[in-house]
Amino acid sequence: DVANVISSDLMRSGKFAPLARTQMPQSPSTASEVNFPIWANMGIEAMVLGQVEPAGDGQYKVSFELVDVMKGKAGDANAVLTAGSSVVPAKKLRQFAHRISDIVYEKLTGERGAFLTRISYVSFHPGTQYPYHLMVADYDGYNESVLLRSHEPLMSPSWSPDGRKLAYVSFEKRTPAIYIQGIYDRSRTMVASYPGINGAPEWSPDGSKLALVLSKDGQPDIYVLDIGSRQLTRVTSDRAIDTEPSWAPDGRSLVFTSERGGKPQIYRVDLASGQTQRLTWEGDMNLAASMSPDGKSVVMVSRVNGQYRIARQDLESGAVYVLTQTSLDESPSVAPNGSMIIYSTIYQGRKGLALVSADGRFKANLPSTNGEVRAPAWSPFLN
């Protein structure tokens, strides 16, 4: 259902409120069929119109128009803001629907859409031969596929900036090690297997380095690994536990979780100077932070009165916005355009994935396999 996919995409962004089909006064397929005054009087600002027609050999021709209702009501010849069509195979209909959503989103907001992106996550299937699966799926949970199966735990997937590789932690040798795996060519390389903890890999924005957590020198600290040379640089050396690094968009600093103040809070370290500052002060504790793509805020897990919820803090003002109201929300990952956040939560008695818009206006649980799902990671923009 191409229309339903587009409607769901736009609603999840939190920036649109699509009209239910049962409330539509008519069902036009092209701008020439639209009775604009009726729609304008309902407060509708824009319409996505289209049709799907069989094109033979299991293919379909999908056509669409984005129409400005007020321009149409005024008789403006430029009421059609954009239009397009393509012949696609049946199995690509969802993908093309996401493409239409991206076009509509960018035309109406001026920001690039993130619906034609993917997510990775770990699913757990107890009682099976290979209970741990590293998965890749469309951003909305559909079209999932297994990248890797393992007897032992898999953790912390992280996308390379080109969207072609994943770094992750594997316990397949009974101790943690960090691997990089190609999504398309299935190549696989171990890049860190030091004594103790090897955890939380995060790609640098230019794809040349990994931030990671190692305990080879005592307490868990943040390090940066140059992937090409394998040169390792220690970033933090506090006596407290430092973990969960995430890069700033410009690659010049990291945010991370540290217990150096007593309880876990979010800190930021400048990689050139080593200067560190504490970012979070509200709540019992804050952890698992990542910066928004524009560098203006951090998204994190915030515990207040024993409840773990997804929150966003504006870095300039320090204002904190709690985005979810469930009790055990974890592992937030931000869409590459900053509009949505994916995270793991308890849903219908088991771990699953959910989406929340960056302003908290819209939330949705995502479909998944029968296993428990955790540690989601949002891909970069994909070509």
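This is a guided tour of one predicted model, stop by stop, with a suggestion of what to select at each point.

**The whole chain**

Begin with everything shown as a cartoon, where the chain displays four helices and 27 strands. The radius of gyration is 23 Å, close to the 21 Å that the globule rule gives for 383 residues, so the chain is as compact as a globular protein of that length. If you orient the view along the principal axes, the C-alpha atoms fill a box of roughly 70 × 50 × 40 Å. Colouring by accessibility will show that buried residues make up 47% of the 383 residues. Among the contacts with a separation of 6 or more, 37% are between residues 24 or more positions apart.

**Helix H1**

Select residues 2–12, which form helix H1, and show the side chains of Val2, Val5, Ile6, Asp9, Leu10 and Arg12, which are buried. Now look down the helix axis: these buried residues fall within an arc of 165°, so they line one face of H1. To see what lies over that face, add strand S1 (46–56) and helix H4 (93–109), together with the strands S24 (340–347), S25 (350–357) and S26 (363–365), which are included in the cover of the buried residues.

Then turn to the two ends of the helix. At the start of H1, a side-chain oxygen of aspartate 1 comes to within 3.3 Å of the backbone nitrogen of alanine 3. After the helix comes glycine 14, with a positive phi near 80°.

**The sheet S23 to S26**

Three of the strands that help cover H1, namely S24, S25 and S26, lead to the next selection, an open sheet of four strands in the order S23-S24-S25-S26 with antiparallel pairing. Strand S23 (330–334) and S26 stand at its edges, and each has a single partner strand, so one side of each is left without a neighbour in the sheet. Neighbouring strands here are turned by 25° against each other on average, direction ignored.

Zoom in on S24, where six of the eight residues are buried. On one side, S24 pairs with S23 through three antiparallel bridges, and serine 333 has isoleucine 342 in S24 as its bridge partner. The hairpin of S23 and S24 has five residues between the strands, and glycine 338 in the turn has a positive phi of about 80°. With S25, S24 forms eight bridges, again in the antiparallel sense, and here you can find tyrosine 343 opposite alanine 354 in S25. Only two residues lie between the strands of the S24 and S25 hairpin, where glutamine 348 takes a positive phi near 55°.

**Strand S20 and its two hairpins**

Next select strand S20, residues 297–304, which is mostly covered, with six of its eight residues buried. Strand S19 (residues 285–291) runs antiparallel to S20 and is joined to it by five bridges, with serine 302 in S20 as the bridge partner of asparagine 286. Between S19 and S20 the hairpin has five residues, and glycine 295 there takes a positive phi near 75°.

Following the chain onward, S20 pairs with strand S21 (residues 307–314) over eight antiparallel bridges. Valine 304 stands opposite glutamine 307 in S21. The hairpin of S20 and S21 has two residues between the strands, and asparagine 305 takes a positive phi near 55°.

**Serine 246**

What surrounds serine 246, once its neighbours within four places in sequence are left aside? Select this residue in strand S15 (residues 242–247) and display its contacts, which are Glu202, Ser253, Leu254, Val255, Ala289, Ser290 and Met291. Serine 246 has a relative accessible area of 8% and counts as buried, because the cut-off for that class is under 20%.

**Two arginines in loops**

Finish with arginine 186, in the loop between strand S9 (177–182) and strand S10 (188–192). Arginine 186 has a positive phi of about 60° although it is not a glycine, and at 45% relative accessibility it counts as partly exposed. Then move to arginine 230, in the loop between strand S13 (221–226) and strand S14 (232–234). Arginine 230 also is not a glycine and has a positive phi, of about 65°, and its relative accessibility of 36% makes it partly exposed.

How values were computed:
Residues numbered from 1 in each chain as written. Heavy atoms only, no water. Buried < 20%, exposed > 50% of the residue type's maximum accessible area, 1.4 Å probe, protein only. Arc of directions from axis to C-beta. Contact = heavy atoms within 4.5 Å. Polar contact = N/O pair within 3.5 Å; in protein donor to acceptor, adjacent residues only side chain to side chain. Pairing = 2+ DSSP bridges. Axes fitted to C-alpha atoms, helices over the stretch in contact; angles between N-to-C directions. Rg over C-alpha atoms; globule rule 2.2 N^0.38 Å.
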